[in-house]
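Dear colleague,

I am handing over the structure below for your review. My findings follow directly after it.

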Amino acid sequence: MGTLNRITVVGASLAGLRAVQTLRREGFEGEVTLVGAEPHIPYNRPPLSKSVLRGDDDVTLPGAEELGDQWLRGRQAVHLDVRERTVGLDDGTEVGHDGLVIATGARPRQLDGALRLRTVEDALALRAELDAGHEHVLVVGGGFIGGEVASTARQLGRKVTLVDAAPYPMRAGLGEDASRWLAAHHERNGVELVTNVRVTAVDGGRVQLDDGRSLTADLVVGAMGVRPNTEWLDGSGLATDDGVLCAPTLFAQGAGDIVAAGDVARWPHGLFGGEMVRVEHWANANEQGAVAARNLLAGPGNATPFLDVPNFATHVHGARIQTAGLPHLADSASIVTGSLEEDRFAVAFTRDGVLVGAVAVDSPKDLIRLKRAITARETL
Ligand SMILES: Cc1cc2nc3c(=O)[nH]c(=O)nc-3n(C[C@H](O)[C@H](O)[C@H](O)COP(=O)(O)OP(=O)(O)OC[C@H]3O[C@@H](n4cnc5c(N)ncnc54)[C@H](O)[C@@H]3O)c2cc1C
């Protein structure tokens with residue numbers, strides 16, 4: 001590839017912000033154009049399902065103030081021309097580049113008739129509905145966002161029903177033991193669980209299930225996972241399949257001048273036998289934004305693979321649940337400290353005897369230890 005004089009970053013949230021900061025910190029003196037569809041400066045999403053719903057408006061993302069106002073906010077990229085190296089925007093203008101960072105994240109799967117939760121506007125709309133005094137909240141999807149909404153709604157004194165397609169919420173990410181514990185933890189905290197069913201339609205307060213039953217609620221929130229924002233890349237020739245398909249270094253497959261980072265990127269993870277992964281967590285977007293930008297500056301020949309172990313934490317009814325690695329790859333799992341009865345335990349997940357994942361409930365030191373062991377590819 002040629003000299004980099006102009007770099008465009010599309011997506012002005014966590015990964016995009018970290019990319020812009022890194023370009024500057026690495027001494028890039030060329031032109032940086034940041035394009036973001038939202039009208040706000042980059043903000044932090046984790047509080048949206050927690051403190052914001054309880055009335056705290058602080059969603060500050062440290063570093064966002066460094067952007068100043070020299071960037072394109074409230075503008076959406078609608079087209080990429082790889083050969084001409086231009087990004088087309090929704091107002092008809094085109095932005096040229098020598099290098100491109102794709103950081104367009106993800107958006108919730110749509111469930112007509114249900115509220116959703118991704119943006120600050122979504123959170124304020126949900127908060128307004130909760131403040132309006134609706135008594136019974138039904139959450140569709142027991143993943144980390146659904147679980148946090150359920151937990152916060154209980155804290156606010158609402159009656160809560162949580163509907164999930166799996167036998168236990170978060171089963172794919174937490175494994176059998178911890179998800180079984182989570183189900184019991186929800187129930188002990190007053191959440192009514194309805195599992196092994198899918199919601200087929202929401203009509204006012206009436207929620208239709210695929211087993212023929214229907215439920216009623218005053219407020220329905222959809223939290224059935226997200227889809228990466230890649231539609232604007234259709235027709236560009238870039239390979240997408242549940243995200244932008246990347247090399248281990250986060251360069252888009254077959255491109256020497258385009259990288260992707262955060263919730264939108266899917267890459268073969270070198271610590272897990274090249275398993276293609278897309279990670280929807282804060283720490284991943286935070287680190288990948290920086291690494292993708294550094295690799296773009298270094299060029300494909302000098303780039304380093306992204307090998308961070310995925311990890312995240314969620315808080316549900318006062319318990320801190322943390323994960324590291326990829327528990328779903330495991331062929332075996334065992335509780336290594338504590339017990340389900342104590343509400344404090346750590347689970348180690350192995351594949352062919354090698355650690356590939358960990359889950360810890362109120363055991364942060366164990367999680368750190370296991371995460372290190374996953375990085376070192378230790379056997380149990
Ligand atoms: C309610 C909630 C709670 C969460 N809690 C946690 C948590 O506790 N722990 C944790 O680890 N993670 C949590 N997360 C996940 C974490 O926030 C995400 O992993 C992180 O925001 C991903 O950052 P990103 O920059 O990759 O993408 P996003 O944050 O999705 O940002 C992408 C940005 O790109 C913009 N965009 C999209 N398409 C275009 C386009 N064509 N042109 C221009 N701009 C575009 C979008 O509008 C958006 O602003 C939570 C997420 C939510 C929604």
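In this predicted model, I102 is in contact with V10, W232, L233, L238, V244, I258, V259, A260, A261 and V264, leaving aside residues up to four places away in sequence. I102 belongs to the largest nonpolar core, which comprises 83 residues. Within that core, I102 and V9 are the residues that touch the most other members. There is also a second, separate core of 22 residues, with Y43, L130, A150 and L162 among them.

A further residue to inspect is T86, which is part of strand β5, spanning residues 86-89. T86 counts as buried because its relative accessibility is 13%, below the 20% limit that defines a buried residue. Residues up to four places away in sequence again excluded, the contacts of T86 are H79, L80, D81, E94, V95, G96 and H97.

Finally, I turn to the second largest pocket, whose volume is about 210 Å³. Its lining is formed by V20, Q21, R24, V32, L34, E66, L67, Q70 and W71. Two or more of these residues come from each of the elements α1 (14-25) and β2 (31-36). The greatest contribution to this lining is that of α1, with 3 residues. By character, the lining of the second largest pocket consists of 5 nonpolar, 2 polar and 2 charged residues.

With kind regards

Terms used: Residues numbered from 1 in each chain as written. Predicted model: local features only at pLDDT ≥ 70, side-chain atom pairs only at ≥ 80, totals over all residues. Heavy atoms only, no water. Core = buried A, V, L, I, M, F, W, Y, C linked by side-chain atoms within 4.5 Å. Buried < 20%, exposed > 50% of the residue type's maximum accessible area, 1.4 Å probe, protein only. Contact = heavy atoms within 4.5 Å. Helix = DSSP H or I, 4+ residues; strand = E, 2+ residues; numbered from the N terminus. 1 Å grid on protein atoms, 1.4 Å probe; cavity = no way out; pocket = protein on both sides within 12 Å on 5 of 7 lines; lining within 4 Å. Points joined across faces, edges and corners; volume = space filled by probe spheres on them. Nonpolar A, V, L, I, M, F, W, Y, C, P; charged D, E, K, R; others polar.
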